[in-house]
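Biologist: I have this model open beside my bench notes. Could you walk me through it, one question at a time?

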Amino acid sequence: MTTVHRFGTAPITCHSWSGDSKRVAFSPNSKDVNIYESTGGGSGWNLETKLDKHDLRVTGIDWAPKTNRIVTCSSDRNAYVWVKGVDGNWKHTLVVLRINRAATCVRWSPEENKFAVGSGAKIVNICYYDSEYDWWVAKHIKKPLKSTVTTVDWHPNNVLLAVGSTDFKVRVYSAYIKEIEGKPSTTEWGAKMSFGNMMAEFNNSPNGGGWVHSVSFSADGAKVAWVGHDSSVNVADAGNGMKVTKLSLSLLPLLSIVWISPTSLVAAGHNYVPIVFNITGSGDLVEAGKLEETKKASSGTTSSAMKMFQNMDILGQSDSGAGTTINTIHANQINEVRTGGGQGKPDWVSTCGGDGRLVVWNLSSLASKMKHLNI
């Protein structure tokens, strides 16, 4: 089952769900964040409020499911933490980022006591709350980042952080903050976890391979996956000697990737359709299928000829226009993929795109309906 929600014609650049999945926060490619509440079992939506503190386009949103706090970041170099008061109004708290370039992405840690903000200043900010001054302070991870940070994702242990950037690399850092948490235990990624220590570094390919769009840790934290602008999907396995498996695709670049099971991922981007990838028993990465079956446009010879002359007359085009027909649910690039409904193995994924649509894909019903889909 696939549910399509429309909130206007403006592109949706990023989105995040509340813990009960009854509310969604998204940015319509602007400086505002809209919060909608579902009505009638999710078939309708009411605008609950608008968060409008930012001055420039919002680039990242994350809604903490346990503490019900929202963190947003923007091209205005700022981030805010929003808390809903007893009066029902959302109040913001300043985050002291200390950066001179746009903030590009943000994610809460699993325990929701800190969050990471990437930026164009070649810095990752690890932010935690300072009760004395009532604001969120940041520690910087700088080296050896050489370009804009485009994506971040947390390890389940609340300490390690995967970072992707436009210098064609994925790095795993320790984001341990001794002021707020106990000493972490050893993982497959290493034992030395002082703040800012780089645990691993991966090239998108031996020759560079394009900047990294999205990274994602598996539920057990042993693997990290990423997609790059070279139309590739990659998985690094810390439990197997940091082995990297790469799958190059004959598709347009993917922009976002998430794990939906220990051996399956969903990625989406410029192809308009979410695609499932599986890790085989031998460790190979294969394309398992798309969450949407391709629909063939039916048109006869007469109608095609008629449309050709209509386009020549009205649009100044000499072809029939069949090559530009869009037969997918999304009519523009998919900017972000999110998961929900389960721990480690989610029940659904949601996608937002440049067409202003927010689509929820029920994984179990789609797998049973589509014979080629292996989840």
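Biologist: Which residue in S20 stands opposite Lys223?

Modeller: Happy to help, and please keep in mind that this is a predicted model. Strand S19 covers residues 223-228 and strand S20 covers residues 232-237, and the two pair in the antiparallel sense over 6 bridges. Opposite Lys223, in S20, stands Asp237.

Biologist: Which strands stand at the edges of the sheet that holds S19 and S20?

Modeller: That open sheet has 4 antiparallel strands in the order S18-S19-S20-S21. An edge strand has a single partner strand, so one side of it is left without a neighbour in the sheet. The edges here are strand S18 (212-217) and strand S21 (243-248).

Biologist: Is S18 mostly covered or open, and how many of its residues are buried?

Modeller: A residue is called buried when its relative accessible area is under 20%. S18 is mostly covered by that cut-off, and its buried residues number 6 of 6.

Biologist: Which residue in the turn between S18 and S19 has a positive phi?

Modeller: S18 and S19 pair in the antiparallel sense over 5 bridges, with Ser216 having Ala225 as its bridge partner in S19. The two strands form a hairpin with 5 residues between them. The turn residue with a positive phi, about 80°, is Gly221.

Biologist: What is the average twist from one strand to the next in the sheet S14-S15-S16-S17?

Modeller: This is an open sheet of 4 strands with antiparallel pairing. Strand S14 (149-154) and strand S17 (198-203) are at its edges, each with a single partner strand. From one strand to the next, the twist averages 15°.

Biologist: Which residue of S16 is the bridge partner of Gly164?

Modeller: Strand S15 (residues 160-165) pairs with strand S16 (residues 169-174) in the antiparallel sense, over 5 bridges. Within S16, the partner of Gly164 is Val170.

Biologist: Arg171 forms a salt bridge with Glu201. Is Arg171 buried or exposed?

Modeller: The closest N and O atoms of Glu201 and Arg171 are 2.8 Å apart. The pair links distant parts of the chain, with Glu201 in strand S17 and Arg171 in strand S16, 30 residues apart. Glu201 counts as partly exposed at 37% relative accessibility. Arg171 has 1% relative accessibility, so it counts as buried.

Biologist: How many residues apart in sequence are the parts that Glu48 and Lys84 tie together?

Modeller: The side chains of Glu48 and Lys84 meet in a salt bridge at 3.3 Å, N to O. Glu48 lies in strand S5 (residues 44-51) and Lys84 in strand S8 (residues 79-84), so the distance along the sequence is 36 residues.

Biologist: Which residues are linked with Glu48 and Lys84 in a network of salt bridges?

Modeller: Glu48 is partly exposed, at 25% relative accessibility, and Lys84 is partly exposed too, at 30%. The residues that join them in the network are Arg23 and Glu37.

Biologist: Where does Lys139 lie, given its salt bridge with Glu179?

Modeller: The closest N and O atoms of Lys139 and Glu179 are 3.3 Å apart. Glu179 is in the loop between S16 and S17, and the pair ties together parts that are 40 residues apart in sequence. The place of Lys139 is strand S13.

Biologist: Which residues form a nonpolar patch on the surface with Tyr133?

Modeller: Tyr133 sits in the loop between strand S12 (124-130) and strand S13 (135-141). Tyr133 is exposed, with a relative accessible area of 51%. The patch has about 300 Å² of accessible area together, and the partners of Tyr133 in it are Leu94 and Trp135.

Methods. Residues numbered from 1 in each chain as written. Predicted model: local features only at pLDDT ≥ 70, side-chain atom pairs only at ≥ 80, totals over all residues. Heavy atoms only, no water. Patch = residues over 30% accessible without salt bridge, like charges linked within 9 Å, V, L, I, M, F, W, Y side chains within 5 Å. Areas by Shrake-Rupley, 256 points an atom, 1.4 Å probe, with all protein chains shown as cover. Salt bridge = Lys/Arg side-chain N within 4 Å of Asp/Glu carboxyl O. Buried < 20%, exposed > 50% of the residue type's maximum accessible area, 1.4 Å probe, protein only. Pairing = 2+ DSSP bridges. Axes fitted to C-alpha atoms, helices over the stretch in contact; angles between N-to-C directions.
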